[in-house]
Amino acid sequence: MQPVRLVLVAFGFMVASSVSAEEAQIAVAGNFTSPMKVIIERFEEDTDHRINASYGSTGKLYAQIKNGAPFDALLAADQTRPARLEEEGLGVPGSRFTYSIGALVLWSADANKVEDGVALLESGDFNKLSIANPKLAPYGEAAIETLEALGLRADVEPKLVMGENIAQTYQFVDTGNADIGFVALSQAMRDGEIIKGSGWIVPGEMHAPINQDALILNRGKDNPAVTELFAYLKGEKAEAIIHDFGYETE
């Protein structure tokens, strides 16, 4: 009878594990797509939970949440919208924290195009400059602030190509529709190095800090997959991934 008992014990453990596994739907700012995909993969390997992520501009994700989109959490590209959702009663009080601090890069798919970013912008030696819509994407706001800090906004405006989000902004440059663009450093960096093309990392003092906050939404309040994911984002494994993609953490 002993083998039967062992089978029953094993079966009971499997049932308990499957019962504890949960699934979560999260909204993630487009700039954080690459590191988030790696984090989700590692998180799912380390837990029984499953995470489904939707990526887009923070402004659009905020509007979707306001209109009742079934998300359990938001990982934004700014601090403003998570704070607003919390104030509006749509987020769990006290769950908001800064999961990453982003960096902006003037990037080209051409390995020889960007050597001195300031000199290139001043020269006007480019066909189009791609930026994300500053009304929807914090990285677009940072791009405008950078151009204003350099006193070049009016000069380059005729050459601006505006992406709906930071992913489309990158795509414009990657496909050659614009030969340079202000994109998130995470889109061009792996393991601390720019892996394709050429780029100038914009000094942080040229724009407001890109502090990116996460917030558990009311729908995810009692979902273990969400609370464990947020704990994971604060841990050493996720922090190492975040740094590999060019972000800082607090």
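**Close-up views of pockets, a cavity and a helix pair**

By class, the residues lining the largest pocket are six nonpolar, three polar and five charged. The legends below walk through this predicted model, one view at a time.

**View 1. The largest pocket encloses about 210 Å³ of space.** Its lining is made of 14 residues, and those closest to the pocket centre are Asp78, Pro138, Glu141, Ala208 and Pro209. Three elements each give two or more residues to this lining: helix H4 (80–87), helix H6 (138–149) and strand E12 (210–216). Which element gives the largest share of the lining? That is H6, with four residues.

**View 2. The second largest pocket has a volume of about 180 Å³.** To find it in the structure, look for Gly30, Asn31, Thr33, Ser34, Tyr55, Gly56, Asn165, Ala167, Tyr170, Ser186, Gln187 and Arg190, which line this pocket. Two or more lining residues come from each of helix H2 (33–46), strand E2 (50–56), helix H8 (166–174) and helix H9 (185–188). How does the lining of the second largest pocket divide by class? It has three nonpolar, eight polar and one charged; Arg190 is one of the residues on the list.

**View 3. One cavity of 30 Å³ or more is counted in the model.** The largest cavity has a volume of about 50 Å³. Around this cavity sit Ala29, Gly30, Asn31, Gly56, Ser57, Thr58, Ala77, Ala137, Pro138, Tyr139, Asn165 and Ile166. By class, six of the cavity's lining residues are nonpolar, six are polar and none is charged. Some of these names may ring a bell from the earlier views: Pro138 lines the cavity and is also among the residues closest to the centre of the largest pocket. Likewise, Gly30, Asn31, Gly56 and Asn165 line the cavity and appear in the lining of the second largest pocket.

**View 4. Helices H2 and H10 (residues 224–233) pack at an angle of about 115°.** Their axes lie 11 Å apart. Is the crossing of H2 and H10 left-handed or right-handed? The two helices cross in a right-handed sense. On the H2 side, the contact residues are Met36, Ile39, Arg42, Phe43 and Asp46, and on the H10 side they are Ala225, Glu228, Leu229, Tyr232 and Leu233. Taken by class, the residues of this contact comprise seven nonpolar and three charged, with no polar ones. H2 will be familiar from View 2, as one of the elements giving two or more residues to the lining of the second largest pocket.

How values were computed. Residues numbered from 1 in each chain as written. Predicted model: local features only at pLDDT ≥ 70, side-chain atom pairs only at ≥ 80, totals over all residues. Heavy atoms only, no water. 1 Å grid on protein atoms, 1.4 Å probe; cavity = no way out; pocket = protein on both sides within 12 Å on 5 of 7 lines; lining within 4 Å. Points joined across faces, edges and corners; volume = space filled by probe spheres on them. Nonpolar A, V, L, I, M, F, W, Y, C, P; charged D, E, K, R; others polar. Axes fitted to C-alpha atoms, helices over the stretch in contact; angles between N-to-C directions. Left-handed = near helix turned anticlockwise from the far one by under 90°. Contact = heavy atoms within 4.5 Å.
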